[in-house]
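Thanks for coming. I will go through one structure today, starting from the inside and working along the sheets. Please keep the sequence and the model open while I talk.

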Amino acid sequence: MGRFIKSILLVANLLFGVALALSYWAPVTNPSDFWHLAIFGILAPYILLVNVIFILFWLVIRKWYLVFSLAIILLGWKNISKIIVFNSSELVEEGRASLKLMTYNVQNFDLYNWTENEESRDNMLRLIKEQDPDIITFQEFYTDEDDENFHNIKLLVNELEYKHFHFEKTLTLKEKNHWGLATFSKYPLSNKNRVDIEGSRGNLITYCDVELPYKDLRLFNVHLQSIGFGKNDYKFFKKFSVQNPDIESSKNILKKLKDAYIKRAEQAELLGSYVDHSPLPVIVCGDFNDTPLSYVYEQLNSRLTDSYQEVGFGLGGTYAGPLPSFRIDYVFVDSSIQVSDFDIIKKNYSDHYPVSVVLGI
């Protein structure tokens, strides 16, 4: 290998090592103070992969060169273990009752046929029936009171036998078409509330108390700020090249990222304050639109247990949209609750995969 090429590779290795180190600061840095670190957090899996490739490369070419990337990885292992998890399911402990919970961003039940599959909604409902969770929380829920085929509340109550539900609307049109967050349960629900998010029409936090035979729990259903990428943004990602960057599109994407990071941070802090003041053990689930190396994730992970961390395996991507898969849908639980099983159901009926967990209460 020529000296020049080796020098280029060493500089590239240095840059990716520094980038990985910067990603470790994303969870503890409020985007309002310095939002740029959040980008390193969301790209951390790919930055980590490049560092691993460098380690393997230097292992063959010049062994002692691998020390830099290896040291960065080992120093940040606590953060890396949030990205890649190696655990396994376990039995619910004797004396605990089992509760199966699902959370699912259904993308309005594919109302606008984004999937180009007219069976998507029926497939979602069929999957829910097969999984048969005790409780399911929906984000981007849609129902039409005048259309029997799309009256999703009536269908879930009458056909899937979820007799108890909590639906909070984010938008209503013509007094019959409703969008919002919904929780359906086989157990009674009480103390139903919503926490409106200032400056956001489509995002919301809801909570209600689940009256189980053995104890009561407070369940939060969450949909935090999305980045709001449009079709042109996704086209930019597909066409982007280093030789011909589109400066205006790049600026627009960075502005959307910045605004979303800052808004989500505020929303996560608001959610954290409600968790802190809950009189009951808490479960928080939903679409957080952020990854494990983020300020948003840390606001919940510092208070509760990430159920995927307990029994998950691998990267755990839950986003099924046009960008690479990220883990952005979570189930956080009180420390008194045992996590027995975690399943990401890889069905492309929505732009999110449904997440199912089994809890020992």
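Let me start with the core. The largest nonpolar core has 27 residues, and those that touch the most other members are Leu 101, Ile 283, Val 331 and Leu 359. I should say at once that this is a predicted model, and that goes for everything that follows.

Which elements give two or more residues to this core? On the strand side they are strand 2 (98-105), strand 7 (204-211), strand 8 (216-223), strand 9 (282-287), strand 12 (329-333), strand 13 (338-344) and strand 14 (355-360), and helix 13 (307-311) is on the list as well.

Take Leu 101 as an example. Leaving out residues up to four places away in sequence, Leu 101 touches Pro 133, Ile 135, Leu 219, Ile 283, Cys 285, Val 331, Val 355, Ser 356 and Val 357. Another core lies apart from the one I have described; this other core has 25 residues, among them Met 102, Leu 127, Ile 128 and Val 157.

Cys 285 came up among the contacts of Leu 101, which brings me to the cysteines. How many disulfides does a search of the whole structure find? The search finds zero. As a reminder, a disulfide is a covalent bond between the sulfur atoms of two cysteines. For Cys 208, the nearest cysteine sulfur belongs to Cys 285, and that sulfur is 9.4 Å away. The cut-off for a disulfide is 2.5 Å between the sulfur atoms, so at 9.4 Å Cys 208 is in no disulfide. Cys 285 is in no disulfide either, and the nearest cysteine sulfur to Cys 285 is that of Cys 208. Are these two cysteines buried or exposed? Cys 208 has a relative accessible area of 1%, so this residue is buried. Cys 285 is at 0%, and therefore counts as buried too.

Now the sheets. Strands of a sheet pair through backbone hydrogen bonds, either parallel or antiparallel. One open sheet here is formed by six strands, in the order 6-7-8-9-12-10, with mixed pairing. Which strands stand at the edges? They are strand 6 (189-196) and strand 10 (305-306). Each has a single partner strand, so one side of each is left without a neighbour in the sheet. Inside that order, strand 8 and strand 9 run parallel and are joined by six bridges. Leu 219 stands opposite Ile 283 of strand 9; both of these residues are also on the contact list of Leu 101.

Next, strands 3, 4 and 5. Strand 3 pairs with strand 5 in the antiparallel sense, over eight bridges. One position to look at is Asp 144, whose bridge partner in strand 5 is Asn 177. Strand 4 and strand 5 also run antiparallel, and nine bridges join them. There, Lys 169 stands opposite Gly 180 of strand 5. The hairpin of strand 4 and strand 5 has three residues between the strands, and in this hairpin Lys 174 takes a positive phi near 55°.

How many residues of strand 5 (residues 177-185) are buried? Nine of its nine residues are, so to speak, under cover. Ile 136, which lies in strand 3, has a relative accessible area of 0% and is therefore buried. Not counting residues up to four places away in sequence, Ile 136 touches Met 102, Ile 128, Ala 182, Thr 183 and Phe 184.

That leaves the aromatic rings. The count comes to 22 aromatic pairs. A pair of aromatic rings is described by the distance of the centres and the angle of the planes. For Phe 141 and Phe 167, the centres are 5.4 Å apart and the planes are at 65°, so the pair is edge-to-face. This pair links distant parts of the chain, with Phe 141 in strand 3 (residues 135-144) and Phe 167 in strand 4 (residues 164-173), 26 residues apart. Both residues are buried. Ring pairs also join them into a cluster with Phe 109, Phe 138, Phe 165 and Phe 184. Elsewhere, the charged end of Arg 121 sits over the ring of Phe 150, 4.6 Å from its centre.

Last, one residue in a helix. Ala 12 is found in helix 1 (residues 3-23). Its relative accessible area is 22%, so Ala 12 is partly exposed. That is where I will stop.

Conventions: Residues are numbered from 1 along each chain as its sequence is written. This is a predicted model: local features need pLDDT of at least 70, side-chain atom pairs count only at pLDDT 80 or more; totals for chains, interfaces and linings use all residues. Side-chain values use heavy atoms; hydrogens and water are left out. Buried means under 20% relative accessible area, exposed over 50%, partly exposed in between (1.4 Å probe, protein chains only). A nonpolar core is a set of buried Ala, Val, Leu, Ile, Met, Phe, Trp, Tyr and Cys residues joined through side-chain atoms within 4.5 Å. Helices (H or I, at least four residues) and strands (E, at least two) are DSSP runs, numbered from the N terminus. Contact means heavy atoms within 4.5 Å. Rings of Phe, Tyr and Trp (its six-membered ring) pair if their centres lie within 6.5 Å; planes under 30 degrees apart count as stacked, over 60 as edge-to-face and the rest as tilted. A charge sits over a ring if NZ of Lys or CZ of Arg is within 6 Å of the ring centre and within 35 degrees of the ring normal. Two strands pair if DSSP finds at least two bridges between them.
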